[in-house]
Amino acid sequence: MNWHHVLKLISVDIKSGRLIRGQRLRRYRESRVLQYVMYGGSCLLGIAVGLLVGTVYSGVTDPEMKTGLLLNVKVLFIAAPTLVLTYSLIFTMMRQIQRAGITASIQPPYWLPITWGEHTLAAIVANLIGVQLAALLAIVSTIGTVSIFLGETPLAALTIFALLAVALLASATTEIFRILQVRLTGAVYKTSGKAAIWVRFFGSLLLFIAFYAVYFFFTSGANFVAIIDVFASGQTTVWFIPYLWLGMALFSFMNSRIVDTALFLLGALAFLGALFTVAVKLNSRFGLYEPPAIRISREAYAPRPSIWSRLGFSLPEAAIMRKDFRAFTRRRELMYFFVLPILITMIYVMSLTRTPYFESSSVLSAMILLVPGASMAPVAAESLVKCKFAFIVIFSCAVTLACSIVGILIVRPSPTLMLAALIESIFLIISLSAVSLGAGIKGASFVEVPRPRMISPRAGLINTITCALLAGVILAPLIPYAGAMLGLLDPPSQSYTSLALAVSGAIAAIVTYGFYRIAVKNAEDLLAEVDT
Amino acid sequence: MTTVFKSAVKLKEVAKRYADVVAVDYVDLDVRKGEIFGLLGPNGSGKSTLLKLILGLVKPDAGSVNVLGIEAAENPVAIKAQAGYVPEVPRLYEFLTGMEYLDFTADLYNVGITEKKARISEYLKALELEGREGDMISAYSLGMKQKTALISAFVHRPQLLLLDEPLSGLDPRSAKIIKDLLRELASKGVTTILSTHILEIAQAMCDRIAIMYEGRLLAIGSMEELRAKARLPGSNLEEIFLTLTGTSDIRDVVEALME
């Protein structure tokens, strides 16, 4: 193992954060001092918390209370490795999810004189750098400072060692999962052909559902102390799980069982070594693996008129709409736009809140529709806007219809309310689609690096705010209903509903016309820019 | 004492398969020290796999690969340390600046600080990248990325250069500099294996040329030897290549496209 190489690789891996943060691509400058402020701040925070707890402990005069406090702190020490393991796993895996879209760019330059062992070790360490390391430093500083007041320095030293080791355990596990994920999903895609699209769809859906299930578990009443208790008491029951052996070593040390302490410590270190070996072997086997292309069709090329052509769209317009639809189903990042409405519906059901969500789908889908390639088509600005607009509206209406059926079945609104909500949804879809399309064309970003983007972040933000404001204006005539729901006003009459919908529709028509013209103007500018 | 090798690269009965596809089919190859050796062949003929076998990145199913006196199967890292490689698509760390990337690779090749600074500055100036070295690589054009990849392959003064389409994307001035540089390096004993589809470049630069087809080496030799083998005296490399690889039906294909 060449440690110099490992350090160089770690420093490079840290810089990959520039891609995740999406920094400016040209003339990149960063402050080295700022990089370390977070870690310094974490240490200071940890020491401050430690001093506070230590001072409180020293100030307690009641011996019984003092013993109780000491015991509680010791329980925290024992639970700390499992807590750090859990959050390190979550953070390192989240980091890998963030980096999933930029895998090609951070693939090791395999022709350089580095070994897979060096590469793997660097990846494992670098994975911990950032928020994870800052949190770890804060905990370690707190434990170190508190231990001085408690007179438990040996236990604290062992705890700190265990925390560092357990963080590496988590990161090594994440590295193994990362390689397996790349290899397995690639294999699934290769063998499943066209079904790969469905695999990707359901895979994405499952990932989000799992994430939200964990989220709901943690936000459904469990508090921090309860979680610590669960970890501290639970790990002695399932002591045979190697990930808990560091916590078990601390537990044994606290109970003066030195042999058990040594055994658990050695076992944990051996387990860490085994994980590292597995990660190296997997990296050397699959590290340079590239997922194979998905073969959609084995048929010979046979063009036939599409449904869009039959609906009156010209050949170039129909071609762009077909391409948009394929982009939605085949591009990983765009697949989420099929997943999100389903997910939103499920969260809606899970949380049983009655938040309207209709407007979100059109805004989001409009924002991503301008995929690279559109500007290459031999198509006039008017046609470009027309086909994009039609596609967004059709897609959003389909999503809204599906979500509405679920909403109607669950909420069972009155026929008037149901009709009003659906009409308003259509108004919002049409008007906000025009707004988003204009912004999407204006802020089109064809830069695939640092990550695939269809719209610049600034244009996206401006569009979101504009959409939110205009949605408010379009929905303004329905304010009395909100007042009635809050019990501030009497429910409006039937005739007011008709009037409110008409006014809302008029506002939506004005917004649609205005922003549609803006979209056409932006499209003309874009095409002119591409031509030059 | 320095050991002098007559052969820089020696392959004996080397074979490599990927599932049902035969990438390299029992190839024997001997590339001499200080030679510029051209590797030609249609897409999918096994050129890139051969380069990867030489660099020790891919293990052969059969046969042995010896590079600069080192068995590739035993110590690939030692071979990589003495070789400079430019892949067909320069996949660099996009999040680094050009200078950071070159600094990183020079460090991995163990180039001393003073030498590193001098060499990188020299190459940046020669290839007109000076002033852009502080930009992130993601903002570079394809040609600039290619130049960065070339500098990183040259920076440690390697004994062996494996270059896959090295001039792709380069402007004429930079391409000329690289060609002249390769000639100069060859005169100092540096071996270059050049894989390219641009037959004019291969004809003009290479001492010997190998033509690969479906994993096999159809012919190896100087231009004169290849002409003799193809029985096409006075012909250029394009005619020899098309004759040997059996792809001389091009006129028929073009006519079909024009219909």
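In the predicted model, strand E3 of chain B, spanning residues 36–40, is mostly covered, with 5 of its 5 residues classed as buried. The side chains of this strand are divided between two directions: B:Ile36, B:Gly38 and B:Leu40 point one way from E3(B), whereas B:Phe37 and B:Leu39 point the other way, and the residues of both groups are buried. Two pairings of E3(B) were identified. With strand E8 of chain B (residues 191–195), E3(B) runs parallel and is joined by 4 bridges, and within this pairing B:Thr192 of E8(B) is the bridge partner of B:Ile36. With strand E9 of chain B (residues 208–213), E3(B) likewise pairs in the parallel sense, over 4 bridges, and here B:Ala210 of E9(B) stands opposite B:Leu39. In general, the strands of a sheet pair through backbone hydrogen bonds, in either a parallel or an antiparallel sense.

An antiparallel arrangement is found elsewhere in chain B, where 4 strands form an open sheet in the order E2-E1-E4-E5. The edges of this sheet are strand E2 (21–32) and strand E5 (70–71) of chain B, each of which pairs on one side only. At the E5 edge, strand E4 of chain B (residues 62–67) is joined to E5(B) by 2 bridges in an antiparallel manner, with B:Asn66 standing opposite B:Glu71 of E5(B). Helix H1 of chain B (residues 47–54) packs on the sheet, where the helix touches strand E1 (7–18) as well as E2 and E4 of chain B, and the direction of the helix makes about 60 degrees with that of E2(B).

Between the chains, a helix pair was examined. Helix H1 of chain A (residues 3–15) and helix H3 of chain B (residues 98–108) have axes that come within 10 Å and cross at roughly 165 degrees. Because the angle is over 145 degrees, H1(A) is roughly antiparallel to H3(B). The crossing of H1(A) and H3(B) is left-handed. On the chain A side, A:His5, A:Lys8 and A:Val12 of H1(A) take part in the contact, and these residues meet B:Phe104, B:Asp107 and B:Leu108 of H3(B) on the chain B side. Classified by residue type, the contact of H1(A) with H3(B) comprises 3 nonpolar, 1 polar and 2 charged residues.

Methods. Residues are numbered from 1 along each chain as its sequence is written. Chains are lettered from A and ligands numbered from 1 in the order in which they are written. This is a predicted model: local features need pLDDT of at least 70, side-chain atom pairs count only at pLDDT 80 or more; totals for chains, interfaces and linings use all residues. A residue is buried if 20 or more other C-beta atoms lie within 10 Å of its own, exposed if 12 or fewer, and partly exposed in between; C-beta atoms are placed from the backbone. Two strands pair if DSSP finds at least two bridges between them. Axes are lines fitted to C-alpha atoms, for helices over the stretch in contact, and angles run from 0 to 180 degrees between N-to-C directions. Angles under 35 degrees count as roughly parallel, over 145 as roughly antiparallel, 65 to 115 as roughly perpendicular and the rest as oblique. A crossing is left-handed if the near helix is turned anticlockwise from the far one by less than a right angle, and right-handed if clockwise. Two residues are in contact if their C-beta atoms, placed from the backbone, lie within 7 Å. Ala, Val, Leu, Ile, Met, Phe, Trp, Tyr, Cys and Pro count as nonpolar, Asp, Glu, Lys and Arg as charged, and the others, Gly among them, as polar.
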